[in-house]
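Colleague: Hey, can you walk me through this one? I'm new to it.

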Amino acid sequence: TDLPRSPPAAAEPRHASPAAPRRLREKLRTAARMAAPPAHTAPGSRQQVQGGERRAQPATGAPPAARETRAPFRFDYERFRRSLRHPVRGRQLGEDPETRARRMKVKEMMKFAWDNYKQYALGKNELRPLTKNGHIGNMFGGLRGATVVDALDTLYIMELEEEFQEAKKWVEKSFDLNVNGEASLFEVNIRYIGGLLATYYLTGEEVFKSKALELGEKLLPAFNTPTGIPRGVINLGRQDTRSLFSPCSGMSWSWGWASAGSSILAEFGTLHLEFLHLSELSGNPVFAEKASTSLLVLNRVEKPQGLYPNFLSPVTGNWVQHHVSIGGLGDSFYEYLIKSWLMSDKKDSEAKKMYDDALEAIEKHLVKKSAGGLTYIAEWRGGILEHKMGHLACFSGGMIALGAEHAGEERKQHYVELAAEITNTCHESYVRSDTKLGPEAFRFDAGTEAMATRLSERYYILRPEVVESYMYMWRLTHEPKYRQWGWEVVKALEKYCRVEAGFSGIRDVYTTTPVHDNMQQSFFLAETLKYLYLLFCEDDVLSLDDWVFNTEAHPLPVNHTNFKA
């Protein structure tokens, strides 16, 4: 069975915080009344989106000459490309032969993963490489081709031109959005919308923009809750127009395993980057307004010890449990705070303050050092620490390094050191396994350090978070060890995960004769291989001056200016 990226947590005692203020609800009602129609509203219809505003057309009885005529909104792609400070694929000048050879090896792995997906599973969501067939799963609400959309920008950046054209052709001819099924709002956003947006910005091909906007509109009903905090599951085929504040719209709901009908911090907190770009490309402010509401609620709600618990009621705006994790259920919320600030060209000071305050609370309450000297981020359950770190939490080294670049001078060195220590701990979780690949979670108790102690935590499903941190640490410090650590991962993937028809996860990283799980995850092509490739590229390839990566490693541009044509 498929679960969302964050596995369910055990039920805990419930605590509550003050509900969202009445002023917020009034603001939401106003936003609902003022929300613009879909971006593809035809010219001449009653109302159109122009430059992000809703403009009513004159009454039909008015003479034609009296009608206000304005061009529909158009995003100026050429002006956007001219604003980039570096070529998208860099200049690749003066690199050493070893680095180039390692980059070419990662490119070969990507081609191998794609070719086998194309041969055995094209149009399905993922490849099953052992049985040489496709897998659909139940996370995407009837959408198909998750691997295609996730792979598009990686194929483009790696200059796999023929393969990119194959993927583009599938999107043009076969990517059907008229589906009817239960989808994860979070997964559809980060994989499909993120992948389509990134590929549009990289190529200027209109098909990717139009598909992203059409799919984005299908996600909007998930926000029809009293607080504006979206529910986690949406039926993509049932587009209801009932009140924003109807208690149950019949087309979105919370995960069955989520405590008391709550929404998940890492899910509703990981929409901001993509939804801002949906508004940027459409001229329709409704996407940005919906995503910003979540941050507004979170900014105002009382935080225990300054920490953000993982479960929040979309009805009351209260916390449902006091479980805090920088891994699954919480992770990408923190990532999107610092990245929202960076994507705004460092103008979104509220997101930056939320990030700074959250990191301060995390460091005060959750960052610990083991007896063996390893720095890790524990989980917090109602004030009691659980001394474990999930593979998903290993993105945090890269995040803290990224934020350190923009901290005050007195804090910058401190955060660079903290990022390096956490990244080193995640590296240790790899080198202490027999396969040199890391487990799903590792613990620091009973004399064990940076190793899985439970059978249920010993698997590796081609996850990217550790190499993601290597990539950021390399770009921000240029210490050679990060490239060496990345190369060790490449060799381990080749030795233990490469099979006849693709790459597969393994069930136990502590045996050199592992059992494969028969799944080539779409994020392996979107994230793991992309971050490894970038690790062996010059810094101007998808430069951090121009691009921010969403949590699926899809590059979205920093907003250097306004590109309304």
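Colleague: Where does Asp331 sit?

Modeller: Asp331 is in helix H11, residues 331–343. Helices here are DSSP runs of H or I with at least four residues, strands are runs of E with at least two, and both are numbered from the N terminus. Residues are numbered from 1 along each chain as its sequence is written. Bear in mind that this is a predicted model, where local features need pLDDT of at least 70 and side-chain atom pairs count only at pLDDT 80 or more, while totals for chains, interfaces and linings use all residues, and side-chain values use heavy atoms, with hydrogens and water left out.

Colleague: OK. Is Asp331 buried or exposed?

Modeller: Asp331 is buried, at 9% relative accessible area. The cut-offs are under 20% for buried and over 50% for exposed, with partly exposed in between, using a 1.4 Å probe and protein chains only.

Colleague: And what does Asp331 touch?

Modeller: Leaving out residues up to four places away in sequence, Asp331 contacts Ala266, Ser325, Ile326, Leu392 and Phe395. A contact means heavy atoms within 4.5 Å.

Colleague: What does UniProt annotate Asp331 as?

Modeller: The UniProt entry, which is unreviewed, puts "active site" on Asp331 together with Glu187, Glu440 and Glu465. UniProt positions are given in the numbering used here with shortened feature names, and such annotations may be inferred rather than shown by experiment.

Colleague: Which helix holds Glu187?

Modeller: Glu187 belongs to helix H6, which covers residues 185–203. Glu187 is buried too, with a relative accessible area of 0%.

Colleague: Let's switch to sheets. What order do the strands take in the one with S14?

Modeller: That one is an open sheet of three strands, ordered S11-S14-S15, with antiparallel pairing. Strand S11 (323–324) and strand S15 (384–386) are at the edges with a single partner strand each, so one side of each has no neighbour in the sheet. Two strands count as paired if DSSP finds at least two bridges between them.

Colleague: How many bridges join S11 to S14?

Modeller: Two bridges join S11 to S14, residues 379–381. Val324 stands opposite Trp380 of S14 there.

Colleague: What actually holds paired strands together?

Modeller: In general, strands of a sheet pair through backbone hydrogen bonds, in a parallel or antiparallel way.

Colleague: What about the sheet with S6, which strands are its edges?

Modeller: That open sheet has three strands in the order S5-S6-S7, again with antiparallel pairing. Its edge strands are S5 (182–184) and S7 (252–253), each pairing on one side only. S5 and S6 (residues 233–235) are antiparallel over three bridges, and Ser184 stands opposite Val233 in S6.

Colleague: And S17, how covered is that strand?

Modeller: Mostly covered: S17 runs over residues 441–445, and four of its five residues are buried. S17 pairs with S16 (residues 388–390) in the antiparallel sense over three bridges, with Phe442 as the bridge partner of Met389. S17 also pairs with S18 (residues 448–451), antiparallel over three bridges, and Arg443 faces Met451 in S18.

Colleague: What's in the turn between S17 and S18?

Modeller: The two strands make a hairpin with two residues between them, and Ala446 in that turn has a positive phi of about 55 degrees.

Colleague: New topic: how many disulfides are there?

Modeller: One, taking a disulfide as a pair of cysteine sulfur atoms within 2.5 Å. Cys394 is joined to Cys426, with an S to S distance of 2.1 Å. Cys394 is in the loop between S16 and helix H13 (396–404), while Cys426 is in helix H14 (residues 409–431), so the pair, 32 residues apart, links distant parts of the chain.

Colleague: Which hand does the link of Cys394 and Cys426 have?

Modeller: That link is left-handed, with -90 degrees about the S-S bond. Both ends are buried: Cys394 at 0% relative accessibility and Cys426 at 1%.

Colleague: Last thing, how many helices and strands does the protein have?

Modeller: The protein has 17 helices and 22 strands. Of its 565 residues, 61% are buried. Among contacts with a separation of 6 or more, 69% are between residues 24 or more positions apart. The exposed area is about 21,300 Å², with 49% of it from carbon and sulfur atoms; areas come from the Shrake-Rupley method with a 1.4 Å probe, and for residues only the protein chains shown count as cover.
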